[in-house]
Amino acid sequence: MQPTKATNLQLDLTSDLQKWRAFLAIAELGSLTRAALFLDSNQSLLSRHLNALERECNARLFNRTGRGVALSDVGQRIFPHVKALLADAEQLELEIRGEAREPMGRVTIGSLPSITNPIVGRLFKQLRARHPGVHLKILEGSSGQVEEWLADERVDIAILYRYGNSQPEREQALATVDSYLIGAAGDRLTAAAEVPFSALHELPFILPGAPNGLRTALDAIARQERITLVPAIEADSLPLMRSTVAEARLYTVLPIHAVWTEVQEGRLQAAKIVSPGVQRIVSMALARAKGPAKAVSTVAAEIVDIVNDNARSGMWRPIEPA
């Protein structure tokens, strides 16, 4: 039976969902600064939104503390209702955009520069062909920066190196990567297929500065092997490492995929480090809650396929079953 009257709803305070989106982010992260990073906003604008929201509600929603902000009594009472309201609004948007049928939205990936190159170009091509509604945003940084972006949920997917056998919770190991001694074209030491770790003693290196996962691993093995690693230059820039090795005839240590093209073209040489080797794991982590879920899952699946294909080509090694 057709109803004779429309549903009567009063939406004065909840009509602007963006303000409540800011409220939710501040409440969950406990900090205006972290919430601003998460929302790709700035702290002063977010503070003005919060002040306006509290004036409209005629109540204080947060108590300011020395370490950030915490929900007031009023804020705690309305928090679950706001979260449910925004979840329903998000589901409505997904239905309108057809997300239930086809993944859509922007997915942000945080990665180390040496991993980005062999993945992102192909990932973009595959998404454009198979899932044109998915758009990528790429952030490159050091391992510490990528970890921070993941913790702050500024990225949906993080791709990192891990050292050792233990895998952090909620991460997927994708491939094993060997480390190579990289030298200039014509260099005698890197002309061999393999080089023992002891041969790295007192070589003129360009290496990342500490703290850095690779540098920590190299320094630890050097102490065990009782050899000395003293870099002539410390630098975190991958392009600078490659160009300096080629032009100044220094050495560096990199995974083979970081110099794949240069080695194939004969501009650099690479010898696998053995006795002992230096392995690292390419690992993928997903943020706990950010981004369009179906789009994030789709991108993650495409990344796994690309890594597996790279492993088959010999660039990386597949993860061995436990």
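1. Helices here are DSSP runs of H or I with at least four residues, and strands are runs of E with at least two, both numbered from the N terminus. In these terms Arg 226 lies in the loop between α7, which covers residues 213-225, and β9, which covers 233-234. The model is a predicted one, and the points below should be read with that in mind.

2. Although Arg 226 is not a glycine, its phi is positive, at about 60°. The residue counts as exposed because its relative accessibility is 79%, where exposed means over 50%.

3. A positive phi is also found at Asn 58, again a residue other than glycine, with a value near 55°. Asn 58 has its place in the loop between α3 and β1, the latter being residues 62-65, and with 71% relative accessibility Asn 58 therefore counts as exposed.

4. Is Glu 54, in helix α3, buried or exposed? The helix that holds Glu 54 spans residues 43-57, and Glu 54 counts as buried because its relative accessibility is 10%, with the limit for buried set at under 20%. When neighbours within four places in sequence are left aside, the contacts of Glu 54 are Ala 59, Arg 60, Leu 61, Phe 62 and Arg 64.

5. A further point for checking in the backbone concerns Pro 276, which is found in the loop between β11 (268-274) and β12 (279-286). The peptide bond that leads from Ser 275 to Pro 276 is cis, and its omega is near -5°.

Note on methods: Residues are numbered from 1 along each chain as its sequence is written. This is a predicted model: local features need pLDDT of at least 70, side-chain atom pairs count only at pLDDT 80 or more; totals for chains, interfaces and linings use all residues. Side-chain values use heavy atoms; hydrogens and water are left out. Buried means under 20% relative accessible area, exposed over 50%, partly exposed in between (1.4 Å probe, protein chains only). Contact means heavy atoms within 4.5 Å.
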